[in-house]
Amino acid sequence: MEEWWKTMPKIELHAHLNGSIRDSTLLELARELGDKGTIVFSDFEQVILKHDRSLVEVFKLFDLIHLITTDHKTVTKITKEVVEDFAAENVVYLELRTTPKRNDSKGMSKESYMQAVVEGLRAVNNVDVDFAHKLDAEAIENSHPANDRNSESRRKKICVRLLLSIDRRESTEAAMETVKLALQMKDLGVVGIDLSGNPVIGEWQTFLPALKFAKEQGLSVTLHSGEVPNSEEVHAMLDFLPGRIGHACYFEEDHWRKLKSFKIPVEICLTSNIRTETIPSLDVHHFADLYNSEHPVSLCTDDMGVFSTSLSHEYRLAASAYGLGMKEMHTLARDAINFIFAGNDAKEELKEIFASVSKELKA
Ligand code: IMP
Ligand code: ZN
């Protein structure tokens, strides 16, 4: 059974790059900084090895992560590893989100940070990465003789698209800079914008101009919504009609009504919600109601490194908590095709992948 959740094709729509970092890499990087005297390694070792972190501790860990991921090479390494880890558990489509970072003292601009991310996509070598539309896919096929269309031994492939995150700490101008960068990087697989960061910081009105601009320019938008009680903000976010929302933990009756009538898909992050105590237990999680009312939902990891999870684990967890079988879980995974932010080519390719597994399940 364990193996089944790993081998079934899956779609990941809510994964933060630096939250998905391997513990081993985090330890290695922290040790390097410790050796240089930049940090006291033993202080950070405890944070890295700690599990069951609260939301406050999670954001403390992100501060540490940001401290040790300030050079381009590290960003490239993390990106490469994260894509490899998702591919290893048969994620066939990954929307990876990250906050472009500016760090003048390190010579890092938002653009150079994103170039380092793209370098990471190019550096993956144990699986083919399709991230920049047709041209790159063709280049990849040509570069591997084993990928001859008639060949039996086609290499594993993962389709990756990028979302640029606006951090809730940012100003309107900084948010706008991120959206402009996303537009500039459309040909490198950037398909949308995310709003994330500490949910108790920042005002919706600050980000609205940049998010509106993104939408007008044809970028898709997903919003972290309802991570803390904030009824007015949730209403404003739903009225914005984002392509998807993440979490929806502190939603009230009228929010649910609106969400359902607008049919806005929800990215569900079970382990993340439990670890951060935004939902007390799986049996009261809103996944059950949304699933039973056939509202579009997709299971996601959020931060597989920080929360010590994987997408396979999230599927296994949902199947056992809500009594769902393999066929239902396969359908759930497949139906996420309908709300990925990539275009029709990617959708058609994914439909084929899922259809071949459907046949096996029926056999
Ligand atoms: P990055 O954008 O690749 O650096 O990924 C880490 C960042 O994602 C964090 O600093 C937060 O801004 C954001 N993030 C990760 N998990 C959460 C969450 O659960 N809620 C809100 N923001 C999050
Ligand atoms: Zn998130």
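Student: Which residues are the closest to ligand 1, and how many surround it?

Tutor: Good place to start! Keep in mind that this is a predicted model. Ligand 1 is surrounded by 18 residues, and the closest are Thr98, Thr99, Lys101, Glu227 and Asp303.

Student: Which atoms of ligand 1 are paired with polar atoms of the protein, such as those of Thr99?

Tutor: Look for N and O atoms on both sides. The side chain of Thr99 has an N or O atom 2.5 Å from an oxygen atom of ligand 1. For Gly197, a polar backbone atom is 3.0 Å from a nitrogen atom of the ligand. Asp302 also takes part, with a polar side-chain atom 3.1 Å from an oxygen atom of ligand 1. As for cover, the protein buries 99% of the 490 Å² that ligand 1 exposes when taken alone.

Student: Which residues coordinate the zinc ion (ligand 2)?

Tutor: Here you read off the donor atoms. They are NE2 of His14, His16 and His224, plus OD of Asp302, at 2.1 to 2.2 Å. Along the chain, these donors have the spacing H-x1-H-x207-H-x77-D. His16 sits in strand β1 (residues 10–16) and Asp302 in the loop between β9 (297–299) and α14 (311–322), so this pair links parts of the chain that are 286 residues apart.

Student: What do the angles say about the site of the zinc ion?

Tutor: The angles among the four donor atoms run from 81 to 168°, and the site is irregular.

Student: Are His16 and Asp302 buried or exposed?

Tutor: Buried means under 20% relative accessible area. His16 has 14% relative accessibility, so it counts as buried. Asp302 has 4%, so it counts as buried too.

Definitions and conventions. Residues are numbered from 1 along each chain as its sequence is written. Chains are lettered from A and ligands numbered from 1 in the order in which they are written. This is a predicted model: local features need pLDDT of at least 70, side-chain atom pairs count only at pLDDT 80 or more; totals for chains, interfaces and linings use all residues. Side-chain values use heavy atoms; hydrogens and water are left out. Donors are N, O and S atoms within 2.8 Å of the metal (3.2 Å for Na, K and Ca); water is not among the atoms, so sites may look incomplete. Four donors count as tetrahedral if all angles lie between 85 and 135 degrees; four count as square planar and six as octahedral if opposite donors are over 155 degrees apart and all others between 65 and 115; anything else is irregular. Helices (H or I, at least four residues) and strands (E, at least two) are DSSP runs, numbered from the N terminus. Buried means under 20% relative accessible area, exposed over 50%, partly exposed in between (1.4 Å probe, protein chains only). A residue is near a molecule or strand if one of its heavy atoms lies within 4 Å of it. A polar contact is a pair of N or O atoms within 3.5 Å; within protein, one must be able to donate a hydrogen and the other to accept it, and residues adjacent in sequence count only if both atoms are side-chain atoms. Accessible areas come from the Shrake-Rupley method with a 1.4 Å probe; for residues, only the protein chains shown count as cover.
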